[in-house]
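Hi,

Here is the structure I said I would pass on. Have a look at it first, and then read on for what turned up when I went through it.

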Amino acid sequence: MIMRIAALAALAILSAGCGDDAAQKPAVPVTKTTVVKAADFGADWPLVAPEATIGCEPPSKAFLDLADRRCALNGKALSAGMERCDDASKTGNAVAFGVFIEKALALCPTHN
C-alpha cells in the first residue's frame, strides 16, 4: 500500500511538468533579413549606399535597413510606423525601392 502511494505521488510530480505551458505561449514572430548589394543589381541599383539589408516582419511588413535606419518598403510597414527613406534613393523617391519589395516579402513565411 505504501509503495502504491509513493508510486502515485511520483507520477503526479512527474506529470505536473508535462502541462501545456509551452503550447499556451505565443510564438515570437521571426524577422528574417538578407543583404543586398549594388554589385548584384548593376545599373538597376536604386540606393545611394553600396549595400543594405532588406527584410520582413510578420505578417508582411517589408523594410529596408540602411545606416541604422529602418525604412518602410510597403504600406503595411508604413502603417506600423516605419519611416519613409526617400533620401536613401538615387532619385529621391522611395518608389525606386520596388525592386526590393518582392524579395523582402518572400522572407515572410505568412506572406508566401
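Let me start in the middle, with two rings: phenylalanine 41 and phenylalanine 100 are both buried. Bear in mind throughout that this is a predicted model.

**The aromatic rings**

Phenylalanine 41 and phenylalanine 100 make an edge-to-face aromatic pair, with 5.5 Å from centre to centre and 80° between the planes. That pair links distant parts of the chain, since phenylalanine 41 belongs to helix α3 (residues 38-41) and phenylalanine 100 to helix α5, 59 residues apart. Phenylalanine 100 also pairs with phenylalanine 97, this time in a tilted arrangement at 6.5 Å centre to centre and 35° between the planes. Phenylalanine 97 and phenylalanine 100 are both buried. Put Trp45 alongside Phe41, Phe97 and Phe100 and you have one aromatic cluster. The count of aromatic pairs comes to four.

**The nonpolar core**

Two of those rings turn up again here. The largest nonpolar core has 22 residues, and Phe97 and Phe100 are among those with the most contacts inside it, together with Val36, Leu47, Ile54, Leu64 and Leu73. At least two residues of this core come from each of β2 (51-57), β3 (61-66) and α5.

If you want one residue to click on, try leucine 73. Setting aside neighbours within four places in sequence, leucine 73 is in contact with Ile54, Ala62, Phe63, Leu64, Phe97, Phe100, Ile101 and Ala104.

**Arginine 70 and its partners**

What does arginine 70 lie over? The face of phenylalanine 63, at 3.6 Å from the ring centre. Arginine 70 also forms a salt bridge with glutamate 57, where the closest N and O atoms are 2.8 Å apart. This pair links distant parts of the chain too: arginine 70 is in strand β4 (residues 69-72) and glutamate 57 in strand β2, 13 residues apart.

Are the two partners buried or exposed? Arginine 70 is partly exposed, because its relative accessible area is 32% and that class runs between 20% and 50%. Glutamate 57 has 18% relative accessibility, so it counts as buried.

**Arginine 69 and its partners**

Next door in sequence, arginine 69 has salt bridges of its own. One joins its side chain to that of glutamate 83, at 3.1 Å from N to O. Glutamate 83 sits in the loop between α4 and α5 while arginine 69 is in strand β4, so this salt bridge ties together parts 14 residues apart in sequence. Glutamate 83 is partly exposed at 38% relative accessible area, and arginine 69 is partly exposed at 26%.

The other partner is aspartate 87, whose side chain meets that of arginine 69 in a salt bridge, again at 3.1 Å from N to O. Here the link runs from strand β4 to the loop between α4 and α5, with arginine 69 and aspartate 87 18 residues apart. Aspartate 87 counts as exposed because its relative accessibility is 53%, and the cut-off for exposed is over 50%.

There is a network as well: Glu57, Lys61, Asp65 and Arg70 are joined into one by salt bridges that share partners. Across the structure there are six salt bridges.

**Serine 89**

One more residue deserves a look while you have that loop on screen. Serine 89 is in the loop between α4 (75-79) and α5 (98-105). Its relative accessible area is 4%, so serine 89 is buried. The side chain of serine 89 makes a polar contact with the side chain of threonine 91, at 3.0 Å. Apart from neighbours within four places in sequence, serine 89 is in contact with Pro46, Val48, Ala96 and Phe97. You will recognise Phe97 from the aromatic cluster.

**The chain as a whole**

To place all this, the chain has five helices and four strands. Going from the N terminus, its elements run α-α-β-α-β-β-β-α-α. The chain has 112 residues, and buried residues make up 29% of them. Of the contacts with a separation of 6 or more, 41% are between residues 24 or more positions apart.

Cheers

Notes: Residues numbered from 1 in each chain as written. Predicted model: local features only at pLDDT ≥ 70, side-chain atom pairs only at ≥ 80, totals over all residues. Heavy atoms only, no water. Buried < 20%, exposed > 50% of the residue type's maximum accessible area, 1.4 Å probe, protein only. Polar contact = N/O pair within 3.5 Å; in protein donor to acceptor, adjacent residues only side chain to side chain. Contact = heavy atoms within 4.5 Å. Core = buried A, V, L, I, M, F, W, Y, C linked by side-chain atoms within 4.5 Å. Phe/Tyr/Trp six-rings, centres within 6.5 Å; stacked < 30°, edge-to-face > 60°. Lys NZ or Arg CZ within 6 Å of the ring centre and 35° of its normal. Salt bridge = Lys/Arg side-chain N within 4 Å of Asp/Glu carboxyl O.
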